[in-house]
Amino acid sequence: VAERPIPDVHAYECYLRARQEAFRWRKDAIDHAVQLLQNGLAIVGNNARLYAALGHAYLQYREAGIDVGERPLEQADACALKVFALEPGSAAGLRLRGWIHYSRGRIQDAVHDLKAASQIEGSNADTLLLLTNCYLISGKVAEARPLIERLRAIDPLTPLTRCMPAFAEAVEGNFAAAIDPYRQMYEMDPGNPMARLFYVWPLIANQQRNEVVEVMASFPVEVRDTVPGRIACFLADAFAGRGREAHARLAGRIEEVATAADVFPRMLAQGYALAGMSAQAMDWLAIAVDRGFVNYPFLAHHDPYLESLRGLPQFQQLMDAVRARWEACEG
């Protein structure tokens with residue numbers, strides 16, 4: 001606060017409001033975040049912190065499955081150039097470059113930049129969020145847990161913060177402990193389609209049929225057709241024994257997320273495995289691995305969704321490749 005990286009209080013308010021909106025995984029919310037940040041830049045002129053936030057907001061179009069083409073990456077790259085021109089070697093620039101690497105599936109490059117950003121600015125919640133996620137998908141849970149505790153201490157009111165302990169528990173196979181933190185994220189923002197998808201995921205793993213039906217029945221109409229919404233419906237249908245019918249509805253509407261981050265391909269793989277459609281499950285699992293999800297202990301041993309795949313030769317072959325990448329990950 002004393003450093004005042006955004007010198008005008010109204011521009012700073014735009015920055016804070018935009019951060020909350022960008023993490024809602026809805027087109028209207030991300031559009032609003034972009035507009036708020038552009039308003040902030042109109043007030044103060046060129047500003048590294050605002051440009052970094054704008055670059056991240058553009059990337060959220062990819063994270064939400066709204067635009068998984070090159071345009072958000074190109075816009076984020078342009079913002080990163082502006083940040084480094086204004087503040088060479090800054091934490092804001094390194095953080096944005098870390099988000100760009102993550103969006104391109106270059107997880108170890110992301111970890112390198114995010115660790116450097118954290119050394120400069122150790123209490124930035126966005127750096128901690130993404131670095132934690134990168135560690136968890138890389139199978140470095142022990143390295144992630146101290147970051148989660150720091151994140152919860154400095155940023156307890158952001159819904160995404162609430163679910164990070166759940167993800168850590170889930171990737172170690174403790175899906176029962178994952179339910180409550182994901183529920184907290186969902187209850188803080190029930191109109192967020194990703195929050196609902198995240199909550200349905202451990203409920204299914206814990207065989208909570210009534211709760212899954214209740215969450216899906218109350219899905220807001222305006223976000224049911226988002227990518228997170230469609231995947232949540234697919235998981236719920238597969239859990240209810242309607243996986244093949246759900247696949248027929250999904251076909252032709254979801255392939256574009258193959259170029260997005262790891263989360264959507266991973267959950268599609270889990271849904272197809274749950275539905276007994278092993279070929280599709282293996283295809284999507286290979287995509288998730290390519291996009292950076294190389295948590296070998298979770299995939300090979302802990303994930304209950306993948307139980308039907310573990311005896312397949314192609315699964316074992318993929319796990320051999322995952323194990324090599326997991327062992328090479330930076331801690």
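Helices here are DSSP runs of type H or I with at least four residues, numbered from the N terminus. The model is a predicted one. By that definition, aspartate 180 lies in helix 10, which covers residues 175-188. Aspartate 180 is partly exposed, because its relative accessible area of 35% falls between the 20% limit for buried and the 50% limit for exposed. From aspartate 180 to proline 165 the C-alpha distance is 9.7 Å, with their positions 15 residues apart in sequence.

The protein as a whole has 19 helices and zero strands. Its radius of gyration is 19 Å, close to the 20 Å that the globule rule gives for 331 residues, so the protein is as compact as a globular protein of that length. The C-alpha trace spans about 55 × 45 × 35 Å along its principal axes. Of the 331 residues, 58% are buried. Among contacts with a separation of 6 or more, 64% are made by residues 24 or more positions apart.

The surface can be described in similar terms. The exposed area of the protein is about 13400 Å², and carbon and sulfur atoms supply 51% of that area. There are 34 positive and 40 negative charges, and the mean positions of the two sets are 1 Å apart.

Inside, the largest nonpolar core holds 125 residues. Tyr182, Phe198, Trp201, Leu299 and Met319 have the most contacts within this core. Helix 3, residues 48-63, gives the most to the core, with ten residues. Tryptophan 201 shows what such a position looks like in detail. Leaving out residues up to four places away in sequence, tryptophan 201 touches Phe167, Ala170, Phe175, Tyr182, Leu235, Arg266, Met267, Gln270, Phe298 and Tyr305. One of these partners, Tyr182, is also listed among the core residues with the most contacts.

Helix 7, residues 125-137, offers two positions to inspect. Aspartate 126 is found in helix 7. Aspartate 126 counts as buried because its relative accessible area is 11%, under the 20% limit. Apart from neighbours within four places in sequence, aspartate 126 is in contact with Arg19, Phe23, Arg95 and Trp99. Cysteine 134 is found in helix 7 as well. Cysteine 134 has 0% relative accessibility and so counts as buried. With neighbours within four places set aside, cysteine 134 is in contact with Tyr102, Ile107, Ala110, Val111 and Leu114. Glutamate 214 stands 80 residues from cysteine 134 in sequence, and the C-alpha distance between them is 32 Å.

The loop between helix 7 and helix 8 contains serine 138. Serine 138 is buried, with a relative accessible area of 1%. Beyond the four nearest places in sequence on either side, serine 138 touches Ile107, Gln108, Val294, Asn295, Trp326 and Cys329. Ile107 is thus a contact of serine 138 and also of cysteine 134.

Helix 8, residues 141-154, follows that loop. Leucine 151 has its place in helix 8. The relative accessible area of leucine 151 is 0%, so leucine 151 is buried. Its contacts outside the four neighbouring places in sequence are Ala125, Leu128, Leu129, Pro156, Thr161 and Met164. Leucine 151 and aspartate 126 are 25 residues apart in sequence, and their C-alpha atoms are 9.0 Å apart in space.

Two loop residues deserve a look for their backbone angles. Tryptophan 25 is not a glycine, yet its phi is positive, about 55 degrees. Tryptophan 25 is placed in the loop between helix 1 (9-22) and helix 2 (27-44). At 7% relative accessibility, tryptophan 25 counts as buried. Glutamine 207 likewise has a positive phi, near 60 degrees, in a residue other than glycine. Glutamine 207 lies in the loop between helix 11 (193-205) and helix 12 (209-217). With a relative accessible area of 48%, glutamine 207 is partly exposed, whereas tryptophan 25 is buried.

Methods. Residues numbered from 1 in each chain as written. Predicted model: local features only at pLDDT ≥ 70, side-chain atom pairs only at ≥ 80, totals over all residues. Heavy atoms only, no water. Rg over C-alpha atoms; globule rule 2.2 N^0.38 Å. Buried < 20%, exposed > 50% of the residue type's maximum accessible area, 1.4 Å probe, protein only. Contact = heavy atoms within 4.5 Å. Areas by Shrake-Rupley, 256 points an atom, 1.4 Å probe, with all protein chains shown as cover. Lys, Arg positive; Asp, Glu negative; His and termini not counted. Charge placed at Lys NZ, Arg CZ, Asp CG, Glu CD. Core = buried A, V, L, I, M, F, W, Y, C linked by side-chain atoms within 4.5 Å.
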